[in-house]
Amino acid sequence: MVLVFAYGSLLQPGSLQTTVPDVDLEACRPARLHGWLRCFDVAFPNDGSQPDKAFLDPDGHRPPWVLLANLRRGGAGSAVSGLLVEVSAASLERLRRRERRYRLRPVPGTLEPYDDGGPIAREVLTARGRAEFQAPDAVAAGVVARRYVEGILAGAEHWSQRAPGFAADVRASTVFPTSGQIADLKRVDRG
């Protein structure tokens, strides 16, 4: 089993179970990654070049770039809240395919679980945006799907039942897009 730090759509139990079907939700542990923040700077090219999905606005048009969550270095005292998830080798491969705009890398900082289960004594991986999906012009022109942001926040509320204050910490550890960057988009899975 591999330990993964999830901080975006995988905070939603349904999304997590779809991606990691063998996940034990009871074994997941809310945690803080010190020195980092959640941001939306992975720019998904919504031009049809991506084989897995597309995003359409209510009129059926495709915005050129759709932004996805990522980790960004924060200042002193920053800590992004997320979830430690046990992932089997088979599910890790499934996760790699899903997160094709990211690289799974060792967590770049200190993790602190919300519970009293002790420190994390093994390597933890997390998804970090690939450079080719972080072009500043694309990020500046991108929009975020409202349902995506709402899903992250709903997932945070779910985990607050186990870790009081988790949802507030998720909000505090997120650099949200401006209101003009949030759009009503429908995700269309393509394969």
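**Contacts, cores and calls in a predicted model**

Trainee: Which residues does Tyr148 touch, leaving out those up to four places away in sequence?

Mentor: Tyr148 touches Ser9, Phe40, Leu67, Leu68, Ala69 and Tyr102. Bear in mind that this is a predicted model.

Trainee: What makes a residue count as touching Tyr148?

Mentor: Heavy atoms within 4.5 Å. Each of Ser9, Phe40, Leu67, Leu68, Ala69 and Tyr102 is in contact with Tyr148 in that sense.

Trainee: Which residues touch the most other members of the largest nonpolar core?

Mentor: Phe5, Leu16 and Tyr148, in a core of 58 residues. Helix α4, residues 146-160, gives the most to this core: six residues.

Trainee: What makes a residue such as Tyr148 eligible for that core?

Mentor: Tyr is one of the listed residue types, and a member must be buried. Members are joined through side-chain atoms within 4.5 Å. Tyr148 is in the core, so it is buried.

Trainee: Turn to charge. Why is the pair Arg32 and Glu112 called a salt bridge?

Mentor: The cut-off is within 4 Å, from a side-chain nitrogen of Lys or Arg to a carboxyl oxygen of Asp or Glu. Arg32 and Glu112 come in at 4.0 Å, N to O. The pair therefore qualifies. Arg32 is in strand β2 (residues 29-34) and Glu112 in strand β8 (residues 111-113), so distant parts of the chain are linked, 80 residues apart.

Trainee: Why is neither Arg32 nor Glu112 called buried or exposed?

Mentor: Buried means under 20%, exposed over 50%. Arg32 has 22% relative accessibility, so it counts as partly exposed. Glu112 has 34%, so it gets that label too.

Trainee: What makes Arg122 and Glu86 a salt bridge?

Mentor: Their closest N and O atoms are 3.0 Å apart, which is within 4 Å. This pair also links distant parts of the chain, 36 residues apart. Arg122 is in the loop between β8 and β9 (124-129), while Glu86 is in strand β6 (residues 79-87). Arg122 is partly exposed at 39%, and Glu86 is partly exposed at 25%.

Trainee: Arg98 and Glu99 form a salt bridge. Why do they get separate burial labels?

Mentor: The line for buried is under 20%. Glu99 has 14%, so it is buried. Arg98 has 25%, so it is partly exposed. Their closest N and O atoms are 2.8 Å apart. Elsewhere, salt bridges that share partners join Arg32, Glu112 and Asp169 into one network. The structure holds twelve salt bridges.

Trainee: Next, the sheet. What is its strand order?

Mentor: Six strands run in the order β7-β9-β1-β6-β2-β8, in an open sheet with mixed pairing. The twist averages 40 degrees from one strand to the next.

Trainee: What makes β7 and β8 edge strands?

Mentor: Each pairs on one side only. β7 covers 102-106.

Trainee: How do you know that β1 pairs with β6?

Mentor: Pairing needs at least two bridges. Five bridges join β1 (residues 2-6) to β6, so the two pair, and they run antiparallel. Val4 stands opposite Val85 in β6, and Phe5 stands opposite Leu84.

Trainee: And what makes β2 and β6 a pair?

Mentor: Six bridges join them, against a requirement of at least two, so they pair. They run antiparallel. Ala31 has Gly82 in β6 as its bridge partner.

Trainee: Why is β6 called largely enclosed?

Mentor: Because eight of its nine residues are buried.

Trainee: Which residues of helix α2 are buried?

Mentor: Ser91, Leu92 and Leu95, in a helix of residues 89-98.

Trainee: How do you know that they share a side of α2?

Mentor: They cover an arc of only 105 degrees around the axis, which puts them on the same side. The buried residues pack against β1, α1 (13-19), β6, β7 and β9. The face turned away carries the exposed residues Ala89 and Ala90.

Trainee: Last one. Is Ala141 in helix α3 buried, exposed or partly exposed, and why?

Mentor: Its relative accessible area is 45%, neither under 20% nor over 50%, so Ala141 is partly exposed. Helix α3 covers residues 136-141. The C-alpha atoms of Ala141 and Trp65 are separated by 6.7 Å, though the two are 76 residues apart along the chain.

Key
Residues are numbered from 1 along each chain as its sequence is written. This is a predicted model: local features need pLDDT of at least 70, side-chain atom pairs count only at pLDDT 80 or more; totals for chains, interfaces and linings use all residues. Side-chain values use heavy atoms; hydrogens and water are left out. Helices (H or I, at least four residues) and strands (E, at least two) are DSSP runs, numbered from the N terminus. Buried means under 20% relative accessible area, exposed over 50%, partly exposed in between (1.4 Å probe, protein chains only). Axes are lines fitted to C-alpha atoms, for helices over the stretch in contact, and angles run from 0 to 180 degrees between N-to-C directions. The arc is that of the directions from the helix axis to the C-beta atoms.
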